[in-house]
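Trainee: I would like to go through this structure with you, starting with the cysteines and then the ligand.

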Amino acid sequence: MYHDSDSLDAASWQPLLTTRLLGRGENACLLETDSTNLRLRLMAQAGAPHGSLCLCEQQTAGRGRLGRSWHSPAGQGLWLSVLLRPKLPMDKAPLITFCAALAMARAVREVTGLDAQIKWPNDLVCGGKKLCGILLEMGTVSDTEYFVVTGTGLNVRRGAYPPELTGQAASLEDFTPPPPRRELLAAYLAALEEAVSRLESDGFDGILPALRSLCCTLGSRVHVSGAVTLTGTAEDLDASGALMVRTDDGQLHRVLSGDVSVRGVMGYV
Ligand code: BT5
């Protein structure tokens, strides 16, 4: 279902851009595609510049992490990927997930006033449920040159997620009249550009205070499963973005994002 006043054509959002480079490269605004991350990877391999993007009304094979899928029905969300060619050593590139989380949290807060928070490491939540998921994928051009495809799936309308995910998923429309997606897009691109440039100039310390203030995982009781399994209190993030969890025996554990699932002991968050 499409909404006439909620177009994602480039002509509808380009006038709202306040960025220097993001959204000003090659833009693919599609009605339907398999996955915006996959499309943008192909564009990157063909030489698309930093800041190029791919978005669509509907994904037929939207991807989550670890081979999981992402529901992306027509007109219901902001299914978006942004191409970055960051000025960062390659081993720091995964930290861009936090820039995307911060930027999307800021965009949602600015445009809707909702209290969107970051669930470490790659979700945005509102009212204890998942509003947005982030999927970062890298590609190498040479030994030192690489690109990052930063994919975000933001649920805007109620139809974004299927009934069986009602217990853990949410959309903006569950809380507020849905705003035009072009406003969310413009606010996100501006915040992403700022966060990435802070990361480039000041390292993780440049985004850590903002991240700490918006990360609802910190201070919570969490259960970590996957490569490690433990239950404890999430105390802080370290300089590499790892979650520091203190178990009840007083030990502090460093949890890396790649291969774990973190759920609140009392629920999803
Ligand atoms: C994520 O994975 O949260 C990353 C999702 C990234 C999606 C964007 S859309 C644009 C770009 N192009 C792509 O192909 N992908 C990116 P993960 O943490 O693995 O969470 C996936 C899990 O979230 C699924 O197994 C479901 O349980 C749940 N899920 C699927 N669709 C959802 C939705 N629309 N809303 C909330 N939860 C959903």
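Trainee: How many disulfides does the structure hold?
Mentor: This is a predicted model, and a disulfide in it requires two cysteine sulfur atoms within 2.5 Å. The sulfur of cysteine 56 has its closest cysteine sulfur in cysteine 54, at 6.3 Å, which is too far for a bond. For cysteine 99 the closest cysteine sulfur belongs to cysteine 215, and at 14 Å that is also too far. The number of disulfides in the structure is 0.

Trainee: Is cysteine 99 buried or exposed?
Mentor: The cut-off for buried is under 20% relative accessible area. Cysteine 56, at 0% relative accessibility, counts as buried. Cysteine 99 has a relative accessible area of 0%, so cysteine 99 is buried.

Trainee: Which side chain has an N or O atom 2.7 Å from an oxygen atom of the ligand, besides that of arginine 68?
Mentor: Glutamine 59 places a polar side-chain atom 2.9 Å from a ligand nitrogen atom, so a polar contact, with its limit of 3.5 Å, is met there. Arginine 68 has a side-chain N or O atom 2.7 Å from a ligand oxygen atom. The other side chain with an N or O atom 2.7 Å from a ligand oxygen atom is that of lysine 130.

Trainee: How much of the ligand's accessible area does the protein cover?
Mentor: The ligand sits in the largest pocket, and 29 residues surround it, with Ser35 and Asn155 among the closest. Elements that each supply at least two residues of this shell include α2 (36-45) and β6 (129-140). On its own the ligand has 800 Å² of accessible area, and the share covered by the protein is 93%.

Notes:
Residues are numbered from 1 along each chain as its sequence is written. This is a predicted model: local features need pLDDT of at least 70, side-chain atom pairs count only at pLDDT 80 or more; totals for chains, interfaces and linings use all residues. Side-chain values use heavy atoms; hydrogens and water are left out. Buried means under 20% relative accessible area, exposed over 50%, partly exposed in between (1.4 Å probe, protein chains only). A residue is near a molecule or strand if one of its heavy atoms lies within 4 Å of it. A polar contact is a pair of N or O atoms within 3.5 Å; within protein, one must be able to donate a hydrogen and the other to accept it, and residues adjacent in sequence count only if both atoms are side-chain atoms. Accessible areas come from the Shrake-Rupley method with a 1.4 Å probe; for residues, only the protein chains shown count as cover. On a 1 Å grid over the protein atoms alone, a cavity is a set of points where a 1.4 Å probe fits but cannot get out, and a pocket is an open set with protein on both sides within 12 Å along at least five of seven lines; lining residues have an atom within 4 Å of a point. A molecule sits in a cavity or pocket if more than half of its atoms lie within 2 Å of its grid points. Helices (H or I, at least four residues) and strands (E, at least two) are DSSP runs, numbered from the N terminus.
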